[in-house]
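Grab your viewer and let's work through some charge pairing. Each exercise comes with a solution that goes step by step.

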Amino acid sequence: MALLKIARLGHPIIRGKTESVSKEELQTPEIQNLIDSMIETMRDANGVGIAAPQVHSPKRIIVIEVSPDNPRYPQKGLIPLTVIVNPTIVSQSDDYEQDWEGCLSVPDLRGKVPRSTSLQVSGRDRDGNPLEFEAKGFFARVIQHEVDHLEGKVYLDRLPDMRTLTFSREYEKYWKSKE
Ligand code: ZN
């Protein structure tokens with residue numbers, strides 16, 4: 001387990017292709033260590049999610065967590081640590097909601113992104129057991145953001161209005177209190 005360097009926008013892996021993780025591969029120390037390191041790196045950076053390409057790995061793995069002491073998204077409610085291997089969004093609602101997003105690979109910026117408010121998700125947990133669940137609200141938003149990373153997409157690609165793009169300091173000063 002180790003803190004990993006986070007790839008930023010411009011590094012080719014952020015726009016690259018990813019590969020599924022087989023059940024056999026998932027059991028290897030390499031992949032289990034990668035998952036532990038992704039969790040550690042996400043927590044260290046105060047992120048609420050991280051996808052493997054963001055730590056320079058092309059594997060289809062995402063981890064998500066909102067802990068009580070996360071200073072970046074204090075008002076969004078808690079999400080227990082969730083590891084999804086080979087995540088698939090099986091279906092998503094036609095209801096959209098616009099809200100602020102940031103990204104560890106696009107440091108210091110936020111913008112308003114429309115996302116489906118509920119999803120049906122499938123995949124595997126880190127032990128290889130099948131996962132199938134419904135996600136709503138902020139949890140659904142974070143899953144869509146992280147699954148986008150596995151397709152080489154970042155939230156900037158989905159901004160309907162570039163004028164919402166805001167640096168963190170200006171977000172804190174002008175926008176945060178209005179939410
Ligand atoms: Zn991101």
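The exercises below deal with salt bridges in this predicted model.

**Exercise 1.** Find what Arg126 pairs with, and work out which parts of the chain the pair ties together.

Solution. Start with the contact: Arg126 makes a salt bridge with Asp36, and their closest N and O atoms sit 3.0 Å apart. That passes, because the cut-off is 4 Å. Next, place the two residues: Arg126 is in the loop between strands S6 (118-124) and S7 (130-136), while Asp36 belongs to helix H2 (residues 29-44), so the bridge links parts 90 residues apart in sequence.

**Exercise 2.** Classify Arg126 and Asp36 as buried, partly exposed or exposed.

Solution. Buried needs under 20% relative accessible area, and exposed needs over 50%. Arg126 comes out at 21%, so call it partly exposed. Asp36, at 24%, is partly exposed too.

**Exercise 3.** Do the same job for Arg43 and Glu65.

Solution. First the contact: these two form a salt bridge with closest N and O atoms 2.7 Å apart. Arg43 lies in helix H2 and Glu65 in strand S2 (residues 61-66), so parts 22 residues apart in sequence get tied together. Now accessibility: Arg43 has 45% and is partly exposed, whereas Glu65, with 11%, is buried.

**Exercise 4.** Look at Lys176 and Glu172, then at the wider set of bridges.

Solution. Lys176 and Glu172 meet at 3.3 Å, N to O. Lys176 is partly exposed at 28%, as is Glu172 at 42%. Elsewhere, bridges with shared partners join Glu101, Arg115, Arg141, Asp148 and Arg158 into one network. The whole structure has 13 salt bridges.

Note on methods
Residues are numbered from 1 along each chain as its sequence is written. This is a predicted model: local features need pLDDT of at least 70, side-chain atom pairs count only at pLDDT 80 or more; totals for chains, interfaces and linings use all residues. Side-chain values use heavy atoms; hydrogens and water are left out. A salt bridge is a side-chain nitrogen of Lys or Arg within 4 Å of a carboxyl oxygen of Asp or Glu. Helices (H or I, at least four residues) and strands (E, at least two) are DSSP runs, numbered from the N terminus. Buried means under 20% relative accessible area, exposed over 50%, partly exposed in between (1.4 Å probe, protein chains only).
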